[in-house]
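Colleague: I am new to this structure and would like a close look at one part of it. Please take the backbone of the second chain, and then add whatever helps me place it.

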Amino acid sequence: MTALPKWADVALIPAINLVLAFFVSGLIVMWIGENPLDAMTVMIKGSIGSAYGWGYTLYYATNFIFTGLAVAIAFHARLFNIGGEGQAAIGGIGAALVCLHFGWPHWTLAFPAAIVGAAAFGAAWAAIPAYLQASRGSHIVITTIMFNFIASALLVYLLVNVMKAPGQMAPESRGFPAEAHLPTAHEMLAWIGVSFPRSPPVNVSLLIAFAASALVWVLIWRTRLGYAIRAMGWSEPAAIYAGIRPFRIIMITMMISGGLAGLMAINTVMGEAERLLLDPVQGAGFVGIAVALMGRSHPVGVVLAAILFGMLYQGGVELEFEMPAVSREMVLVIQALVILFTGALENMVRAPLERIALMFR
Amino acid sequence: MNANGSDLRRNTAAPAIELRNISKSFGAVIANRDISLSVAPGTIHGIVGENGAGKSTLMSILYGFYRADAGEIFINGAPTKIPDSKAAIAAGIGMVHQHFKLVHNFTVLENVVLGAEDGLTLRPTLARARKLLTDLADEYELNVDPNAVVEDLSVGHQQRVEILKALFRRADILILDEPTGVLTPPEADHLFRILASLRDEGKTIILITHKLREIMAATDTVSVMRRGEMTATLKTSETSPEQLAELMVGRKVLLRVDKKPAAPGPAVLEVDGLQVDGERGETALKNISFTVRAGEVLGVAGVAGNGQSELLRALGGISPAKGTVRVNGKAIDLAGADSGADARRRSGIAHVPEDRQSLGLVMEFKAWENMAFGYHDDPAFSRTKWLLDIEAMRSLTGVALNKYDVRPVDPNLVARNFSGGNQQKIVLAREIDRNPDLLIVGQPTRGVDIGAIEFIHQRVLELRDAGKAVLLVSVELDEILSLSDRIAVMFAGEIIGTRDASETDEKELGLLMAGIAGEARP
Amino acid sequence: MDFATVLQLLDSTLRLSTPLLLACLAGLFSERAGIFDIGLEGKMLASAFFSAAVAAATGSALLGLAAGMFASMALAALHGLASITFRGNQLISGVAINFLASGLTALIGQNWFKLGGRTPALSGDARFLPIDFYFSETLSSIPFIGPIYSELLSGHTLMVYVALAAVPATWWILFRTRFGLQLRAVGENPEAVDTAGLSVTALRYQATLICGLLCGLAGAYLATGMAAGFIRDMTAGKGFIALAALIFAKWRPGYALLACLLFGLLEAVAIRFQNIDVVGVGTVPVQFMQALPYILTVVILAGFIGKAIPPRAGGEPYAKERA
């Protein structure tokens with residue numbers, strides 16, 4: 001029985017959890033010997049205090065929206081896709097192949113093709129654990145972890161032995177052609193006469209991320225497929241009773257999830273690096289877990305949480321610059337604490353709140 | 001021990017168990033209200049009541065599984081606090097739960113000693129347990145192979161392991177919660193013989209059941225519970241099933257529902273040689289054949305676990321089966337690509353499952369979402385090929401909730417927050433309102449309050465009178481007798497006999513349910 | 001490949017298997033009690049850092065070991081708090097612990113030592129040194145058996161022998177003692193344990209703490225036995241390989257030894273030979289060797305070679321009172 005009103009569930013509990021995570025982070029900063037309030041000021045200023053900061057914050061947020069949506073949609077079917085990291089890496093291969101192997105006349109053509117390539121590769125990588133879960137009952141958490149490592153080995157192999165640019169030492173592909181360059185915020189805003197700093201890598205992919213969030217919302221709450229996914233997530237026996245086939249739902253959900261994770265590559269590989277590097281994901285697949293938990297698996301929540309984590313990542317870079325004693329790994333700690341409080345220790349906050357709610361009945 | 005002996009004991013010794021003013025609630029639901037009970041040593045005391053009357057909660061309190069909100073417990077006259085099972089065991093209480101608490105991949109011996117080991121290593125305790133098992137095997141007919149792995153044992157043997165667990169802990173008071181629900185009649189008789197010999201050794205036994213027959217056959221005294229309260233405590237020899245039934249439900253039970261004579265039409269459901277494999281590869285349904293015609297209710301009676309669940313699941317498209325099943329003359333796919341529940345619904349079968357909470361509803365879905373459950377592909381609920389028409393779903397739900405008297409009439413309320421009876425009405429509304437050719441329905445009134453029972457029975461009969469076919473599976477013989485036109489009795493995965501409802505009675509059906517087939521009748 | 005090469009390969013197999021084996025047995029205790037633990041990696045990492053840091057500060061490998069075990073057990077207790085007391089999602093808790101360890105060790109390491117997340121290099125008593133068996137010098141001249149004794153078996157650090165001894169010890173505890181029976185029961189059916197008058201919570205916490213202790217040993221071995229100090233993220237997926245080995249071993253101590261030796265051998269081969277030419281197949285890239293433990297585990301999980309059935313109550317928080 002859920003005694004809590006809906007607003008407490010979607011807003012109050014995440015807020016309390018976030019405060020707890022920040023509080024503990026503050027204690028750690030104090031322990032290191034710095035003032036946590038100063039650290040927070042630096043992070044906020046650095047992330048949203050300037051157009052430059054916003055540019056980076058939103059660049060990171062773009063990644064996190066994709067990976068957060070990937071984890072969130074799987075959560076709706078009660079599948080824990082921990083393999084966003086690997087799916088995004090493989091998505092990177094897809095985006096790179098599309099950009100390198102076809103002579104694109106203009107980015108408007110290269111971009112949709114890269115979207116399809118990245119999503120298809122990510123979906124295919126997720127399809128294998130999905131199939132093993134659906135048909136053989138292999139625990140998807142374990143198989144997706146394993147597939148992260150396999151993806152990383154595969155990527156290294158391809159970059160070292162197959163895709164490495166000729167005459168180069170570093171394991172990276174050759175740069176993408178200029179026609180596959182995605183317009184950055186600087187360029188796009190210039191079209192309408194708004195000036196924006198040149199260096200932040202935030203680009204047109206952000207709009208795709210927002211569009212993806214809207215589509216995921218429609219999918220989950222307004223389509224028959226979404227209805228079936230949610231039913232299956234709540235109760236597999238009931239879903240079978242209703243004529244919903246778990247095999248089909250697991251496959252479809254995981255492939256959508258893997259596709260979303262793969263889409264991240266259009267932002268990092270195509271939008272920023274414009275070549276395939278050794279680690280094109282940089283932990284964003286795992287951040288997606290924190291983002292989905294924080295955002296209560298709802299697309300709106302995911303977007304908000306992704307922006308928050310974008311702030312943390314950009315703020316963390318600034319923090320290291322301003323306060324050398326606090327290295328950027330502080331962000332990893334905060335991320336861990338957010339996952340811990342919102343995901344694993346949720347009942348610590350929820351149970352007392354429910355008791356309070358019961359008293360006021 | 002004879003009757004005089006029991007009386008003597010009762011006069012001299014303190015009660016083995018005495019409960020004073022026990023209360024317990026779960027959130028807003030009051031499970032036990034101010035309950036007092038006294039059980040004399042060396043007796044078998046029965047506790048009867050409907051599902052949800054609070055019997056199991058009361059016994060869980062006695063066994064330390066739940067803590068009472070208020071009240072006191074006395075064991076052999078001494079006030080005793082039972083905060084956990086450990087304290088209950090220390091007080092000499094053993095419990096055989098309705099759902100056994102055994103470790104499936106442990107041996108019988110390992111299960112018996114778990115938590116009652118002597119020292120660091122297992123060997124000495126296992127030896128002691130082995131000896132006890134050999135001793136008890138003869139004394140109480142409690143024989144079971146000590147080295148067998150529990151999951152390989154029959155249900156009856158697993159229950160014996162539970163009793164042995166209690167005896168190994170030197171329990172003097174044994175509580176059995178609905179022990180016969182999963183037993184065949186011979187197994188149940190065997191159990192009662194064991195209990196009687198334990199009683200004669202001086203043990204005190206509490207038997208919880210909702211079956212009046214068992215109370216009359218096995219107990220010395222009996223208490224009746226209704227809606228969380230203890231309504232009476234009587235000597236079994238001085239009461240009757242009728243009196244107990246009345247005390248259980250609070251008024252005279254309507255044994256027969258008023259119904260028009262059946263006007264059966266052509267066959268709607270034809271089942272021929274239906275076969276289903278059970279979980280462990282055994283045959284759960286053996287070659288079942290029967291027919292249900294338009295405008296009649298075929299009742300399927302039987303002790304739980306004799307294949308009725310498998311029958312419902314096979315017909316409902318939940319588990320695969322072999323054989324032939326025709327609906328309106330058309331064969332349906334039983335194990336292939338088109339054997340899912342969606343295909344069954346398309347062929348005109350509606351299914352009210354036995355367990356509404358785990359199958360029939362998604363408990364976290366709102367009423368309007370549940371009202372489309374299984375029919376979410378229906379054009380009435382669709383805006384386009386992909387999109388759901390949520391407004392249509394909501395408004396249709398509002399109408400259906402009113403029509404089926406579901407309270408509260410709130411399409412946005414989550415299923416979990418409706419009462420059991422109202423949940424069942426939601427399932428029924430969804431399945432009946434689509435006017436199916438065939439309704440298959442399992443345990444339609446399990447855990448449902450009296451008022452809702454009559455309502456549900458009326459709807460089922462209305463469907464029959466509208467010329468539809470109904471297959472009713474129930475373990476409640478009263479329900480079968482009052483609703484059915486014909487009655488098939490299942491035993492050990494087979495239909496052991498089929499009777500016209502007007503030409504049979506509880507006694508004959510009881511014999512059939514026990515596996516004793518009478519003279520063959522067509 | 002000559003005999004000396006084989007011997008060297010097996011010798012490094014033994015060394016590389018040791019952290020896997022300790023972490024694998026750690027996971028075995030936890031998961032046998034019904035607590036999934038994908039945080040083995042994080043606990044090892046925390047232990048590696050704190051053992052190296054304390055060893056660097058005090059010059060004592062043993063004090064380092066104690067600190068490492070304490071750090072690892074603290075994280076284990078946190079996992080217990082989340083998954084036992086507050087009935088949270090064990091997988092999510094494990095993920096959080098991995099990030100927490102990765103972030104904290106780098107953060108504190110940089111703060112304390114200013115070496116880019118490293119600890120200072122350890123030497124002398126700050127490391128666990130090889131233990132030479134008696135007569136290993138003398139016996140090494142005996143053909144075949146001599147080198148096996150003196151080069152393969154002798155000359156490892158204490159932790160290698162501890163890990164090997166932990167295998168039969170784990171088996172004995174699990175299958176021959178009262179504690180082991182109760183621990184296995186709580187992983188299969190906690191209700192049976194509860195109704196038998198035992199505390200599900202206490203048993204699960206004990207298992208979780210044992211898991212922390214063994215991960216602590218594994219991490220300390222990495223930083224103060226195998227290597228001479230801590231470097232950032234030095235566990236590099238070993239915790240996940242240990243998890244893979246645990247599944248590969250179907251949650252049995254004896255098989256765990258074999259699985260860890262196999263995965264250790266794969267690592268040793270990958271390190272020594274890089275790309276391998278296999279007759280008839282062509283060149284096997286080193287990345288394939290590195291990915292092989294994960295691939296094999298997926299194959300096992302898929303049930304193509306026997307079925308890996310985890311403890312039945314694994315991953316499920318135990319709730320007694322109905323809501």
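What follows is a walk through that chain, with a short look at its neighbours afterwards.

Modeller: Please keep in mind that this is a predicted model. Chain B is assigned three domains: domain 1 covers 1-92 + 173-179 + 189-250, domain 2 covers 101-171, and domain 3 covers 267-513. Between the C-alpha centres of domain 2 of chain B and domain 3 of chain B there are 40 Å.

Start with a pair of strands. Strand 9 of chain B spans residues 221-226 and strand 10 of chain B spans residues 229-235; the two run antiparallel and are joined by six bridges. One pairing to look for is Val224(B), whose bridge partner in strand 10 of chain B is Ala232(B). These two strands make a hairpin, with two residues left between them. Arg227(B) sits in that turn and has a positive phi of about 45°. As background, most residues other than glycine have a negative phi, and most peptide bonds are trans.

Further along the chain, Asn328(B) also has a positive phi, near 50°, and is not a glycine. Its place is the loop that links strand 14 (322-327) to strand 15 (330-331) of chain B. Is Asn328(B) buried or exposed? Asn328(B) is counted as partly exposed because it has 16 C-beta neighbours inside 10 Å, and the partly exposed class lies between 12 or fewer for exposed and 20 or more for buried.

The next backbone feature concerns a peptide bond. From Arg407(B) to Pro408(B) the bond is cis, and its omega is near -10°. Pro408(B) belongs to the loop between helix 14 (390-403) and helix 15 (420-432) of chain B.

Now for the neighbouring chains. In chain C, Asp233(C) is a residue other than glycine with a positive phi, near 50°. Asp233(C) lies in the loop between helix 10 (200-226) and helix 11 of chain C. Asp233(C) has 15 other C-beta atoms within 10 Å and is therefore partly exposed.

Chain C also touches chain A, in a contact that takes 36 residues from chain C and 38 residues from chain A. On the chain C side, helix 4 (90-113), helix 11 (238-248) and helix 13 (286-301) each supply at least two residues. Helix 4 of chain C gives the most, with 14 residues. By type, the chain C side divides into 23 nonpolar residues, twelve polar and one charged.

Technical notes: Residues numbered from 1 in each chain as written. Chains lettered and ligands numbered in written order. Predicted model: local features only at pLDDT ≥ 70, side-chain atom pairs only at ≥ 80, totals over all residues. Domains from an automatic or database assignment. Contact = placed C-beta atoms within 7 Å. Helix = DSSP H or I, 4+ residues; strand = E, 2+ residues; numbered from the N terminus. Nonpolar A, V, L, I, M, F, W, Y, C, P; charged D, E, K, R; others polar. Pairing = 2+ DSSP bridges.
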